[in-house]
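Welcome, and please open your viewer with the chain in cartoon view. We will go from one selection to the next and look at what is there.

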Amino acid sequence: MTVKVLVAYGTTNGSTARIAEAIAETLTEEGLTAEARPAESVVTLLPYDAVVVGAGVYAGRWQKNARRFLRRHRRELPSRPLWLFSSGPLDASASERDIPPVPGVRRAMIRLGAREHITFGGCLEKGAKGFIAHRIVESGKGGDFRDFPAIEAWAGRIAKELRGAPQEERKG
């Protein structure tokens, strides 16, 4: 039986969506069934054995659709293996050191029993939505700091862990 993984994401300008898609692609290449979906489009977790949730960080908080996803599915998530990721730093810091989750995500990790959290570099380029995002790009501080080899390696570790997990642990 194939393990089915949901990779849900909250994004404003599409950067986190691309990270989620890369995670789902890697999980699929590793022999699992995975799909990346916008967090707000997920109605139920019933079809999924495991969940990965990610969001861009804005002003010290996860993007709102991902926060709402965690609240909406708070009863279902603890019964499945769960991983969380953030995207955000507009510099190389995420590739150089471990960046802890923002406080709200740290609380969610504990409450929901998430196995791990990781922060990846973000991407903010010309045409970004929002006044502040536009100002950041115009000031020359934007750019693409996503490290796709690191993203794919993390997804590979998740796949390895899921392939080794007993079936009864997945559905809880």
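Start by selecting Ser 86 together with its surroundings: leaving aside residues up to four places away in sequence, Ser 86 touches Ala 55, Val 57, Trp 62, His 117, Ile 118, Thr 119 and Phe 120. Keep in mind throughout that this is a predicted model.

**Stop 1: Ser 86 and its strand**

Show the side chains of Ser 86 and Trp 62, and you will find a polar contact between them at 2.9 Å. Is Ser 86 buried or exposed? Its relative accessible area is 2%, and since buried means under 20%, Ser 86 is buried.

Now widen the selection to the strand that holds Ser 86, which is β5. In β5, six of the six residues are buried, so the strand is largely enclosed by the rest of the structure. Turn the view to see the two directions in which its residues point. Leu 82, Leu 84 and Ser 86 point one way, while Trp 83, Phe 85 and Ser 87 point the other way. This fits a general pattern: in a regular strand, side chains alternate between the two faces of the sheet.

**Stop 2: the strands paired with β5**

Add β3 (50-58) to the selection. β3 and β5 run parallel and are joined by six bridges. As a landmark in this pairing, look for Gly 54, which stands opposite Phe 85 in β5.

Next, add β6 (116-120). Here too the strands run parallel, with five bridges joining β5 to β6. The landmark for this pairing is Ser 87, which stands opposite Phe 120 in β6.

**Stop 3: the loop after β3**

Follow β3 to its end and select Ala 59, which is found in the loop between β3 (50-58) and β4 (61-62). What is the phi of Ala 59? The angle is positive, about 50°, although Ala 59 is not a glycine. With a relative accessibility of 85%, Ala 59 counts as exposed.

**Stop 4: the nonpolar cores**

Nonpolar side chains in soluble globular proteins tend to be buried together. To see this here, show Val 5, Val 7, Ile 23, Leu 27, Phe 85 and Trp 154 as spheres: they have the most contacts inside the largest nonpolar core, which has 25 residues. At least two residues of this core come from each of β1 (4-10), α1 (15-29), β3, β5 (82-87), β6 (116-120) and α6 (148-164). Which of these elements gives the largest share? It is α1, with seven residues.

Another core, of 22 residues, lies apart from the one you have just coloured. Give it a second colour, beginning with Ala 39, Trp 62, Leu 82 and Leu 112, which are among its residues. You have already met Trp 62 as the polar partner of Ser 86, and Leu 82 as one of the residues that point from β5 to the side of Ser 86.

**Stop 5: salt bridges**

Side chains of opposite charge can pair when their charged atoms come close. How many salt bridges does the structure hold? There are five, and we will visit some of them.

Select Arg 18 and Glu 21, which both lie in helix α1, three residues apart, about one turn of the helix. They form a salt bridge, with the closest N and O atoms 3.7 Å apart. Add Glu 25 and you will see that Arg 18 forms a salt bridge with this residue as well, the closest N and O atoms being 3.5 Å apart. Arg 18 is partly exposed at 30% relative accessible area, Glu 21 is partly exposed at 32%, and Glu 25 is partly exposed at 40%.

Then select Arg 115 and Glu 161, whose side chains meet in a salt bridge at 2.6 Å, N to O. This pair links distant parts of the chain, 46 residues apart: Arg 115 is in the loop between α4 (103-112) and β6, and Glu 161 is in helix α6. Returning to α1, salt bridges that share partners join Arg 18, Glu 21 and Glu 25 into one network.

**Last stop: the annotated region**

Finally, select residues 5-159, which UniProt lists in an unreviewed entry as "domain: Flavodoxin-like". Over this range the chain is 37% helix and 25% strand, and the end C-alpha atoms are 9 Å apart.

Definitions and conventions:
Residues numbered from 1 in each chain as written. Predicted model: local features only at pLDDT ≥ 70, side-chain atom pairs only at ≥ 80, totals over all residues. Heavy atoms only, no water. Helix = DSSP H or I, 4+ residues; strand = E, 2+ residues; numbered from the N terminus. Buried < 20%, exposed > 50% of the residue type's maximum accessible area, 1.4 Å probe, protein only. Core = buried A, V, L, I, M, F, W, Y, C linked by side-chain atoms within 4.5 Å. UniProt positions renumbered as here; feature names shortened; annotations may be inferred. Pairing = 2+ DSSP bridges. Polar contact = N/O pair within 3.5 Å; in protein donor to acceptor, adjacent residues only side chain to side chain. Contact = heavy atoms within 4.5 Å. Salt bridge = Lys/Arg side-chain N within 4 Å of Asp/Glu carboxyl O.
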